[in-house]
Amino acid sequence: ILTRVKELTIQAANDTNSASDRKAIGAEVTSLNAELVSLANTKTGDGSYLFSGYLANQQPFSTTNGLTTYHGDTGRMSLTIADDTEMEVSSSGHEVFMAVRTGGNTAKSIFEIVQTIANKLNAGESPSGSLTDLTSAADHINGFHAITGARLARVNSTTESIQSDMLATKTRLSSLEDTDVEKAITDLKQKMTSLDAAQSSFVRISNLSLFNYLK
């Protein structure tokens, strides 16, 4: 979505565009911003909101008069993915969408950046001055792509380790289950009989001495 907004911003910055042309482009940017808000309100498979932090049942974002507000908290959900292994599996909506570092080290929301572009276009103005902030927003989202990729890599690595352990366990279990119990008992009895005989022989032999022999 941000890539499309950037394309439209560059297109609209061209001086060949009339005010009406820019307003038409502004309508699409406004629609794209609404789509961003919709994605930010994504739910997981169990019906909880992905970007609400710990407030999983609270819709994280709402928009009134072009201003998008965050209603969640800054918590990051964690899950145990293996014995003694716990990891963060989500990012809060605040850090993902509301904390883009722009010029002067100030923080803006992605929605504010896109809405500013839409407002300029709807007023028939060039939005070229917002390209820097838009680039910062795209870089910000790319950073969270990297974080999510690292989390997925860790999950995949842990999954492979668990599957390897499961395979080894199944192999050992199979070897035990495939054992002929009756034959194993018979073999064990034969070995115990042989052992008893050997021990008896050893005792008798060890008691023999030259004097016993002479007697």
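This report describes the confidence, overall make-up, pockets and one residue of a predicted protein model.

## Confidence

Across the protein chain the average pLDDT is 86, and 87% of the residues score at least 70. Residues 210-215 are a weak stretch, where pLDDT stays under 50. For this stretch the model has one contact beyond four places in sequence. Where pLDDT is low, the predicted coordinates should not be read in detail.

## Overall make-up

The protein chain contains seven helices and six strands. Their order along the sequence is α-α-β-β-β-β-α-β-β-α-α-α-α. Thus the pattern opens with two helices, and four helices stand at its end.

The protein chain has 215 residues, of which 28% count as buried. Among its contacts with a separation of 6 or more, 49% are between residues 24 or more positions apart. The surface that the protein chain exposes comes to about 14000 Å², with 55% of it supplied by carbon and sulfur atoms.

## The largest pocket

The volume of the largest pocket is about 610 Å³. Its lining is made up of 24 residues, and those closest to the centre are Phe51, Val96, Phe144, His145 and Thr148. Four helices each give two or more residues to this lining: H1 (2-13), H2 (19-40), H3 (93-97) and H5 (131-177). Of the elements, H5 gives the most, with nine residues.

By residue type, the lining of the largest pocket holds 16 nonpolar residues, seven polar ones and one charged one.

## The second largest pocket

The second largest pocket holds about 170 Å³ of space. Its lining consists of Thr44, Asp46, Ser48, Tyr49, Leu50, Gly53, Ala56, Met77, Val89 and Ser90. Five of these lining residues are nonpolar, four are polar and one is charged.

## Threonine 158

Helix H5, which gives nine residues to the lining of the largest pocket, also contains threonine 158. The relative accessible area of threonine 158 is 15%, so this residue counts as buried, the cut-off being under 20%.

Apart from neighbours within four places in sequence, threonine 158 is in contact with Ile81 and Ala82.

Notes
Residues numbered from 1 in each chain as written. Predicted model: local features only at pLDDT ≥ 70, side-chain atom pairs only at ≥ 80, totals over all residues. Heavy atoms only, no water. pLDDT = per-residue confidence, 0-100. Contact = heavy atoms within 4.5 Å. 1 Å grid on protein atoms, 1.4 Å probe; cavity = no way out; pocket = protein on both sides within 12 Å on 5 of 7 lines; lining within 4 Å. Points joined across faces, edges and corners; volume = space filled by probe spheres on them. Nonpolar A, V, L, I, M, F, W, Y, C, P; charged D, E, K, R; others polar. Buried < 20%, exposed > 50% of the residue type's maximum accessible area, 1.4 Å probe, protein only. Areas by Shrake-Rupley, 256 points an atom, 1.4 Å probe, with all protein chains shown as cover.
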